Amino acid sequence: MEQSKENEFSLQLKASGYRLRTRMTQQVAFWTIRLLGFVVVGILVWIQGFIIVNGAGVLSWDFLTQAPTEGMTSGGIFPAIVGTLCLVVGSMVFAFPLGVMAGIYMNEYTKDHWTVRLIRVVTNNLSGIPSIVFGLFGMALFVNTLGFGDSIIAGSLTLGLLVLPIVIRTTEEALKAVPDSYRSGSVALGASKLQTIFRVILPSAFPNIITGLILAIGRVSGETAPILFTAVAYFLPKLPTSIFDQVMALPYHLYVIATSGTDIEASRPIAYGTALVLIIIVLAMNLLASFIRKRVSRKQR
Amino acid sequence: MIEAKNVNFYYGDFHALKNINMKMERNTVTAFIGPSGCGKSTFLRLFNRMNDLIEGTRLTGECLIDGQNIYDKSVSVVELRKQVGMVFQKPNPFPKSIFENVAYGLRVNGMKNKKEIEEIVERSLRQAALWDEVKDKLKKSAFDLSGGQQQRLCIARALAVSPTVLLMDEPASALDPISTSKIEDLIYALKKEYTIVIVTHNMQQASRVSDNTGFFMLGELVEFSETKKMFLNPDKEQTQNYITGRFG
Ligand SMILES: Nc1ncnc2c1ncn2[C@@H]1O[C@H](COP(=O)(O)OP(=O)(O)OP(=O)(O)O)[C@@H](O)[C@H]1O
Ligand SMILES: [Mg+2]
């Protein structure tokens, strides 16, 4: 009895031709996907490694804290770092509150109203527009019409506009993820809508909203086109003292010394160093933001 | 005293409550029973105006609490909801500490005095028979509690704002028998100070905790009478069938 049962069992385990074929297809598909995964990661590692290898040599305290010298073929990139930080902070001060408020309006106040659909269409379109168009728009409106001139504020506003869709989107998604039972629980205790939003909904959506901030910062610190006509200078001997001053910025500085410097060959190492610093800044901001996010979400659990 | 007069309620075109009349006395427990989808929750939510949050709904008739129409323009919904607390079917604590969950209602109502808040939080947790289990971990997240504890926390949270009426929508449906009996004891104890309305699918529970019972079917209030009478000798055959489980 036992014996025959076992036989039956092992008979079933022997794969038919059809089974063999599906198994093969599965293996092929699996390895293709795995290979593609490796390729993608490989390319990323290669790019980063290339920049790290070439840029690490010029990294030094002086490189980070000195201004460029000798026609930008030596010296540091301090003014560009400061400029990029100014633009990042400025654009976030503008885009973050505005985007979060828009997201709140869209998800908490007028769920499927036509205004919301309109805003959604417009923001989607906005995020598809090439960044150089934002640059030109910023120049027309902030630099010329409003008379800010090439300045931190004009550049920040332009960059802010560029990332507004990201902030709105992620805020909306973050708020959607908050269970309705929090809303009804809060309202049932006699809380007003505004109290509910500020005391329950935003705190619990905050970790996800921060993700939007991370994405926005990453985007802003690397963009060149929007600041080209609105904020940056080729070379500045001194740091900005007000938001109406021009600045240098890392991505533009990189572009300049890589393509149109006084001596491109001589400034090559500096270009790699600049790229490395740019990557490190973006990375550091991401780490900081995800650290904040982890802490907040741990507190809530 | 809570009173419904000729209440009709619509979700869009759907007629969810049909001409309902009911009176609930102060300091009594009223249970709503009936098959799923008959409108018990809808009717319950009328009394703290939670249905206002749902779009496309319409109400005719009057809902009165102590003689005042709570749908009158002069009534503040926020004030009403302070008076009429609610416990939901699924425990829904906020992602905050145990203490902050109970203090929430006080804070949104503008209470600032730390000492006073602490006192009320403790009193409410005691009332909800949860104090001894959480007194050493008030700062811990409410999500660390078990489902039954979370539900009692939600009851404490509702009690903290000193309501006069407590609406409970199947408060024990997600709980084990021990937590359930704790909550039933609680309802019994709270009756002295509060007017309680509870929705339940559990016949024994209805007969154990309530003074009066309303039986709903397809949006109509089929029968409303003293619980004892309802379970021993109901007027309507439908009620009899439902209670004894011979419901088709
Ligand atoms: N938000 C809503 N929109 C549209 N229809 C709804 C909504 N909520 C409930 N209904 C409908 O109203 C009727 C009554 O629903 P209600 O939730 O009051 O039933 P219930 O008696 O509480 O049922 P249960 O015992 O399953 O909780 C149901 O037919 C339901 O489909
Ligand atoms: Mg229900």
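## Model and confidence

Among the elements of chain A in this predicted model, helix α1 (residues 2-13) of chain A has the lowest mean pLDDT, 55, and helix α8 (residues 180-188) of chain A the highest, 94; pLDDT is the predictor's confidence in each residue, from 0 to 100, and helices are DSSP runs (H or I, at least four residues) numbered from the N terminus. For chain A, the mean pLDDT is 86, with 92% of the residues at 70 or more.

Local features need pLDDT of at least 70 and side-chain atom pairs count only at pLDDT 80 or more, whereas totals for chains, interfaces and linings use all residues. Residues are numbered from 1 along each chain as its sequence is written, chains are lettered from A in the order in which they are written, and side-chain values use heavy atoms, with hydrogens and water left out.

## Nonpolar cores

The largest nonpolar core (buried Ala, Val, Leu, Ile, Met, Phe, Trp, Tyr and Cys residues joined through side-chain atoms within 4.5 Å, where buried means under 20% relative accessible area with a 1.4 Å probe, protein chains only) has 51 residues, and those with the most contacts inside it are A:Leu87, A:Met92, A:Ile227 and B:Tyr104. At least two residues of this core come from each of α4 (78-109), α6 (131-145), α7 (152-176), α9 (193-222) and α11 (250-259) of chain A, and likewise from α3 (98-108) of chain B. Apart from this core lies another, of 46 residues, which includes B:Met168, B:Ala172, B:Leu175 and B:Ala206.

Leaving aside residues up to four places away in sequence, A:Leu87 is in contact (heavy atoms within 4.5 Å) with residues including A:Ile152, A:Leu159, A:Val220, A:Ile227 and A:Val247.

## Domains of chain A

An automatic or database domain assignment divides chain A into domain 1 (1-55) and domain 2 (61-300), and the C-alpha centres of these two domains lie 41 Å apart. Their contact takes six residues from domain 1 of chain A and five residues from domain 2 of chain A.

The two domains bury about 530 Å² between them, 80% of it on carbon and sulfur atoms; buried area is the accessible area (1.4 Å probe) that two parts lose on being put together, summed over both. On the side of domain 1 of chain A, A:Ile51, A:Asn54 and A:Gly55 supply 67% of the area buried against domain 2 of chain A, more than any other three residues.

## Interface of chains A and B

Between the chains, 17 residues of chain A are in contact with 25 residues of chain B, and the area buried is about 1800 Å², of which carbon and sulfur atoms give 63%. In chain A, the residues that lose the most area to chain B are A:Ala188, A:Leu189 and A:Arg199, together 35% of what that side buries.

Definitions and conventions: Buried means under 20% relative accessible area, exposed over 50%, partly exposed in between (1.4 Å probe, protein chains only).
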